Every structure is written in structure tokens, then in C-alpha cells.
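Me: I would like to go through a structure by question and answer. Please keep the replies short.

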Amino acid sequence: MPRDYDLLGPDAQSAVAKGLVTEDWYRTPIDRKVMKALMKRADQPAIRDTGVLFGLMAVFAATAIALMPSWWSAPFWLAYGVLYGSAMDSRWHECGHGSAFKTRWMNMVVYQVACFCMVRDPSCWKFGHARHHSDTVIVGRDPEVAIMRPVDMLKMAANLVGILDVIDGVKRMIRHAAGHILPDEADYVAESFHAKTIRTARIWLAIYAATIAAALVFQSWIPVLLIGLPRLYGCWHMVLCGWLQHGGLADNVLDHRMNSRTVYMNPVSRFIYWNMNYHVEHHMFPLVPYYKLPELHEICRHDFPAPNTSFLDGYAQMLPALWRQRKDPDFYLRRPLPETANPYHEGPAAKAA
Amino acid sequence: MAEWVDACATGDVDAEDVIRFDHGARTFVIIRDHEDNYYCTDGLCTHEDVHLEDGLVVEATIECPKHSSIFDCTSGEVETPPACENLCTYPVKVDGGRVFVEI
């Protein structure tokens, strides 16, 4: 079946008609006291991680600048870029959920910085991500589907360096700065936030213009290597992690165990990604902060398909499925559940089929 | 006409926690804050009708379990989006170890 991911297209209407726009998502039963303990917020882990993140960015950037114009500066720029273009994605995500810090203003400050780095309007992406959680990989409803079917490998390759995402982000920023909210955004962003979006875009455009002006005036790459370009040259880690979240799995189902993937990762990637490799757990229980996800994983794993054991294991499973989805968009990976698990809750799409 | 309805025992709700309370065709939540004050609000988040019974209570606020909208339990006022409409709140009294709600 062809798919139309346009939020205003026919698949959006048919998702409603099929009963896929609902709160009837499967959740692993967990004792309320246990869940309450898991949801409990603290400031300390995120203050520590944020201090390390910005400290490393400062050290890498200072070292890179000191070594310019030598090529020895390149590894330091690349390291800075990954923290800017990838770690800021996970900070955007966690602080957008309001779960990283206990103190609300801390979430807000890091959220605003991360949104700027990722070229994502804070309001649009707040509402858009809420929709992603309501209607995860429901075609025509979810604005954050990273790999659409039929799969286009060229598009995926272009996004490894953020080309399509950045073009889209910059286009939207310019439209916002001109006073326009795009029709797809109007579908999920409350009208009371439109003025904020327009004001934010104007401030951001001024910052980017000043950065480019500084690069021209000083005849130096340094300003744009610090601000803006790392969104391109440093986003590969975010993209590689992001594809694993839902790639090759089911769409139009009401069970996150069918459309999301948990992958064990090395400690460095988990720091950059803030534990979003526990992605089934995150979608099922989005109030649980990133530092409690490993604990949640242990509690839920009897009810989940086996996690992928590494990046490589995840890609070994996902890439053949994506290759097949180039020609066969209905194909998806259906992973077996352990005997201790409740059956998959496929929802009305399965009943119709 | 509003009436006082026996919703639950005080001990049914832990400190900084919430339980569901259904009455007739309507659904509510009974919330107990960190200072043992009790509140009653509509049960469904004003954003997308997610039930608040699985939400997170911090002091006198409740957070929607799905999209993290936070509401002030005393007034029902939205403190963080994506919800934009306030929750309805209902008068509560505690008498003889029971929580009564005027609905």
C-alpha cells in the first residue's frame, strides 16, 4: 500500500477513521509505587551531565581554535560538532519532556539552547513531539517519521550530514521570521504559541546573520564552525541513533514494542544520546527520566522483544529490512516476544486485515 | 445541583500521588500533595484526553503521563504546554478519614 506522510493528506484522515488516533496503546503493567519511584525527578544527574557537556564543548572548541589553521584542529572540531549537532538533539528531547532536571527553569534553559543548535523552533517541536508520542509512526499523523516508506536510501545518506533536515529547518525559520506558520504546523501547534515562534525565528536569524557577518569581517571560518555548521558536520551520531528508534519496524500499530527498538550502546554513545537507546521503554513511559531508563528496562524486559545487543547488531537487523522496504513498503520486522510477554496489541489495523 | 460525594478514604491516596475516581458517567482524579492537602480535578488532560491517574504529582502539581503538561492542582491552571486549557477543579473536604468532593 502506498503511504502519504503529509499531515494534511488522505492517510491522516484514514488513520482517524481506522481508530488509530487513540489512547489505547499497550503498556506493560507496572506497580504504581514502582512507577512512582521511577518517575521521581532529580537535578543532580542532569546538572553533572550538562556541566560535562558544555565543559567538553568549551575545551574542544578552544583547542580547535588554538590549532587553526592546522589540520590538527580537525579532530577537535569533529568532537565539538558531535556534541553540538548530536548531543543537543537528546538535550532538546529530554528537556522538552521536562524530565531531565527536577527544576523547571533548568529544563527550559537547556531546551532553548538545544533548540537553537538543532534549528528546531521550541514551540513547534514541543507540540510536534507530543504528536509523535500520541501517534507514534501512524502514517499521516506522526510529524517525526525519520524513514518513510518506500525507503529512499539517497535521502538517508543526505541526512547523515543533516542536509535535508537543515534545509527544512532553515526554510521554516525564514518563513516564521516573515510572520508565517506553515499549514502542517498549524495542524498541531496551538495558536497561542504562533507569536512566540515568530519572535524566536527573528532572534535566531539575527544570531545567524551576526555569525556569518563575523566570518566575513574577520575572514575566518571560526564563527561558522562554532555556530551553525556543526549542525551539519556533527549530526551523524544523532542520525545513526535516530534511525534505530523505529527503522524497519511496524507502522500503524498501537504497541510500542512493535514499532520501537531498544539497543544496548557503549557509554559514550549513551552519554551523547542520553539513554534514548532504551526507546521502547521511553515511548511506553515518557515521564521516566533518562537516568532511570536502564532500571525501567530491567523491569520491563520480560514483556519486550529481545533488545539489540549493539549498534552493529541493530543495523544488521534493520538494514536488510530497509533495503526490502525500498520496493515493498508493507514489509516490516516482526520480532518474537519472550514467553513471559503479553501478546502484541496491534490495534484496529490488524483487525481490519 | 452539586452534592458532596464520598470519593475515597484519606489513606487510599499516598502522599504526592493520585487515584482515579469515577462518578456516574464522569471521571475525576483525587490528588494528595506533599502537605496532605487533597484536591479533585477532572480526570482527563485537556490536551488529548489522556487520563491523569498515571500522572506524576510533585508538591501541588500534576503532570500528564503522556505529554508532560503540568497543571496546578489548586486552580487547575496549565503551567506547561502542550495543554492550553485549564483543568476543572472541584471543592474537597476531609471528614472522618474520608475525602468528599462537591460535584
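The questions below concern a predicted model.

Me: At what angle do helix H3 and helix H4 of chain A pack?
Reply: H3(A) spans residues 44-67 and H4(A) spans residues 74-97. Their axes lie 8 Å apart. The crossing is left-handed. The packing angle is about 145°.

Me: How many nonpolar residues does the contact of H3(A) with H4(A) have?
Reply: H3(A) brings residues including A:Leu53, A:Met57 and A:Phe60, and H4(A) brings A:Trp77, A:Tyr80 and A:Leu83 among them. By class, one residue of the contact is polar and no residue is charged. The nonpolar count is 14.

Me: Which helix gives the most to the largest nonpolar core?
Reply: This core has 88 residues. Those with the most contacts inside it are A:Tyr80, A:Ala114, B:Val18, B:Ile30 and B:Ile31. With nine residues, the top contributor is H4(A).

Me: How many residues does the other core have, the one with A:Leu7 and A:Val137?
Reply: That core lies apart from the core of 88 residues. A:Ala15 and A:Ile138 are also among its members. Its size is seven residues.

Me: Which element gives the largest share of the side of chain A that touches chain B?
Reply: The contact takes 15 residues from chain A and 14 residues from chain B. On the chain A side, the elements that give two or more residues are helix H2 (32-39) and helix H6 (122-134). By class, that side has seven nonpolar, five polar and three charged residues. The largest share, five residues, comes from H6(A).

Me: Is A:Asn107 buried or exposed?
Reply: A:Asn107 is found in helix H5 (residues 104-118) of chain A. Beyond its neighbours within four places in sequence, A:Asn107 is in contact with A:Cys95, A:Gly98, A:Ala100 and A:Phe101. The cut-off for burial is 20 or more other C-beta atoms within 10 Å. A:Asn107 has 24 such atoms, so A:Asn107 is buried.

Me: Which residue in the turn between S10(B) and S11(B) has a positive phi?
Reply: Strand S10 (residues 92-95) and strand S11 (residues 98-102) of chain B pair in the antiparallel sense over four bridges. In one of these pairings, B:Lys93 has B:Phe100 as its bridge partner. The two strands form a hairpin with two residues between them. The residue with a positive phi, of about 60°, is B:Gly96.

How values were computed
Residues are numbered from 1 along each chain as its sequence is written. Chains are lettered from A and ligands numbered from 1 in the order in which they are written. This is a predicted model: local features need pLDDT of at least 70, side-chain atom pairs count only at pLDDT 80 or more; totals for chains, interfaces and linings use all residues. Axes are lines fitted to C-alpha atoms, for helices over the stretch in contact, and angles run from 0 to 180 degrees between N-to-C directions. A crossing is left-handed if the near helix is turned anticlockwise from the far one by less than a right angle, and right-handed if clockwise. Two residues are in contact if their C-beta atoms, placed from the backbone, lie within 7 Å. Ala, Val, Leu, Ile, Met, Phe, Trp, Tyr, Cys and Pro count as nonpolar, Asp, Glu, Lys and Arg as charged, and the others, Gly among them, as polar. A nonpolar core is a set of buried Ala, Val, Leu, Ile, Met, Phe, Trp, Tyr and Cys residues joined through C-beta atoms within 7 Å. A residue is buried if 20 or more other C-beta atoms lie within 10 Å of its own, exposed if 12 or fewer, and partly exposed in between; C-beta atoms are placed from the backbone. Two strands pair if DSSP finds at least two bridges between them.
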